[in-house]
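Student: Could you take a close look at one part of this protein with me, and then link it to the rest? I'm still learning how to read these pictures.

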Amino acid sequence: MIRAYKFLLRPTARQDQALSEMLRDHCSLYNGALQERRDAYRHPSKTAVRYGQQSAQLKDIRAFDPERQGRWSFSSQQATLRRLDKAFQAFFRRVKAGEKPGYPRFRGANWFDTVEFPKDGDGCRWDSIPHNPVTRVRLQGVGHVRVHQHRAVKGRVKTVSVKREGRQWYVVLACDEVAAEPLPTTGAVTGLDMGVTHFLTTSEGAHVENPRHGKRNADALAEAQRELKAFGRRKREGRTAKHRRAVEKVAKLHRKVRRKRLDHAHKTALTLVRDYDRIAHERLSIANMVRAPNPKPDPETPGAFLPNGAASKAGLNRSILDAGWGVFLGILAQKAESAARVLIPVDPRNTSRTCPQCGHVDVQNRAGEKFQCTTCDHRDHADRVGAWNVALRAGLVLPDVA
Ligand SMILES: [Zn+2]
């Protein structure tokens, strides 16, 4: 089993400086390699430069510029070149598929935030001073950096990445051979309905609310994004201190929302895997994640549609919610695997319109939060009906519909 960990770093002032330089130099390596590929591509012969060729030049690049390239890990530089290679592979794949993708772009210092070390012990060392009361990670060219390790690391550390978020630095570990820790069986099963009003509802009818303060953060984020957009409208005056502050404000709020969402997802998933042996959930597809609310037909003018708040609904709040489910299901899958629980994804179509009692499918069955079958008059909370149908579709046996 694979697991990822992310810890805050507490570098000294000197290490902080070195980390910035490490990022800067990897960024310029990335951009230099991109420039080479660009030039080759623009040449009439349309030569494609490959990863192997660029990697073969690393030795000379390091020897030529020992101050800025020679001091960092050879492997992390290879990882950076591989990242560029991936961007190009994706680009060519899309060109081949007849799409018109944008050519891979140069990364400004603000858009290049990660240095990867493909193997622990090669240019980096997790827990570099064993038995020291404070965990440290050694990074070539930076030193032994203090780690705020808030939880135990299980399994074997495979890769180590260093990431900048705003003014903070983080270390991200990918571990494999993480042993499963099965939980005792409970004999209980459930289905989940993922909604907008409630984050999710179980087939027993228990609601889990959305992450708190999500709305307030979303509003603040919308406001900050409006401010940022105003810069774009004015002529190329970008890059001023004010502009940078606006960018940072948006990024900071994004991080805050993301942190809250993660926290909430972890707590919710933990409760579910403790309580249930098997959990059915809606399969989340990309199509689902970008769906807009259904248009409302206007009863006065056939063929016309009333505004349904699609613009606002389909906007920020909505996208935060959708992304939230994706994150949640990922975390749920991880915890389920570790606890030896079973997750069953099902086709989500019509789960909110089907009567769990008689099977009648009708849009009219549902009105807001109320479900009332137009055939057998079965009534329930609409989200609970959704969750119930998800469980039924997964073949789970539930107690009788109350
Ligand atoms: Zn019915």
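Tutor: Let's start with a word we'll need: two strands pair if DSSP finds at least two bridges between them. Keep in mind that this is a predicted model. With that in hand, look for the open sheet of seven strands, whose order is E2-E6-E7-E1-E5-E4-E3, with antiparallel pairing. Its edges are strand E2 (114–117) and strand E3 (124–126), and each of these pairs on one side only. Ignoring direction, neighbouring strands in this sheet are turned by 30 degrees against each other on average.

Zoom in on one pair. Strand E1 (residues 3–10) and strand E7 (residues 168–176) run antiparallel and are joined by six bridges. To find your bearings there, pick out Tyr-5, which stands opposite Leu-173 in E7.

Now slide over to the E3 side of the order. Between E3 and strand E4 (136–139) there is a loop, and Ser-128 sits in it. Is Ser-128 buried or exposed? It is buried, because its relative accessible area is 16% and the cut-off for buried is under 20%. The side chain of Ser-128 also makes a polar contact, 2.7 Å long, with the side chain of His-144. Setting aside neighbours within four places in sequence, the residues in contact with Ser-128 are Arg-136, Val-137, Arg-138 and His-144. So His-144 turns up twice for Ser-128: as its polar partner and in its contact list.

There is another sheet to see. This one is open too, with five strands in the order E10-E9-E8-E11-E14, and its pairing is mixed. Strand E10 (207–208) and E14 are its edge strands, each pairing on one side only. At the E10 end, strand E9 (residues 200–202) pairs with E10 in the antiparallel sense over two bridges. Leu-200 has Val-208, in E10, as its bridge partner.

Helices lie across this five-stranded sheet. Helix H5 (residues 241–275) lies across strand E8 (189–194), E9, E10 and strand E11 (278–282), and it runs at about 5 degrees to E9. Helix H9 (residues 382–393) lies across E8, E9, E10, E11 and E14, and its angle to E8 is about 130 degrees.

Want a residue to look at here? Try Ala-280, in strand E11. Ala-280 counts as buried because its relative accessibility is 0%. Leaving out neighbours within four places, Ala-280 is in contact with Thr-190, Gly-191, Leu-192, Ile-344, Val-390, Ala-391, Ala-394 and Leu-396. You can also see how the chain comes back on itself: Ala-280 and Gly-395 are 115 residues apart in sequence, yet their C-alpha atoms are 8.9 Å apart.

Next, follow the chain around E14. Ala-340 is in the loop between helix H8 (316–339) and strand E14 (342–346), and its phi is near 60 degrees, a positive value in a residue other than glycine. Why point that out? Most residues other than glycine have a negative phi. Ala-340 counts as exposed because it has 52% relative accessibility, where the cut-off is over 50%. After E14 comes a loop leading to strand E15 (366–367), and that loop holds Asn-350. Asn-350 likewise has a positive phi, near 65 degrees, without being glycine. At 34% relative accessibility, Asn-350 counts as partly exposed.

Now for the zinc ion. Its protein donors are the SG atoms of Cys-355, Cys-358, Cys-373 and Cys-376, lying 2.3 Å from the zinc. Along the sequence these donor residues follow the spacing C-x2-C-x14-C-x2-C. What makes the arrangement tetrahedral? The four donor atoms subtend angles of 106 to 114 degrees around the zinc ion, and the rule asks that the angles lie between 85 and 135 degrees. The donors also show that burial can vary within one site: Cys-373 counts as buried because its relative accessibility is 3%, while Cys-376 counts as partly exposed at 32%.

Finally, step back to the whole protein. Its secondary structure comes to nine helices and 17 strands. Of its 402 residues, 39% count as buried. Among contacts between residues at least 6 apart in sequence, 64% join residues at least 24 apart.

How values were computed. Residues are numbered from 1 along each chain as its sequence is written. This is a predicted model: local features need pLDDT of at least 70, side-chain atom pairs count only at pLDDT 80 or more; totals for chains, interfaces and linings use all residues. Side-chain values use heavy atoms; hydrogens and water are left out. Donors are N, O and S atoms within 2.8 Å of the metal (3.2 Å for Na, K and Ca); water is not among the atoms, so sites may look incomplete. Four donors count as tetrahedral if all angles lie between 85 and 135 degrees; four count as square planar and six as octahedral if opposite donors are over 155 degrees apart and all others between 65 and 115; anything else is irregular. Buried means under 20% relative accessible area, exposed over 50%, partly exposed in between (1.4 Å probe, protein chains only). Helices (H or I, at least four residues) and strands (E, at least two) are DSSP runs, numbered from the N terminus. Contact means heavy atoms within 4.5 Å. Axes are lines fitted to C-alpha atoms, for helices over the stretch in contact, and angles run from 0 to 180 degrees between N-to-C directions. A polar contact is a pair of N or O atoms within 3.5 Å; within protein, one must be able to donate a hydrogen and the other to accept it, and residues adjacent in sequence count only if both atoms are side-chain atoms.
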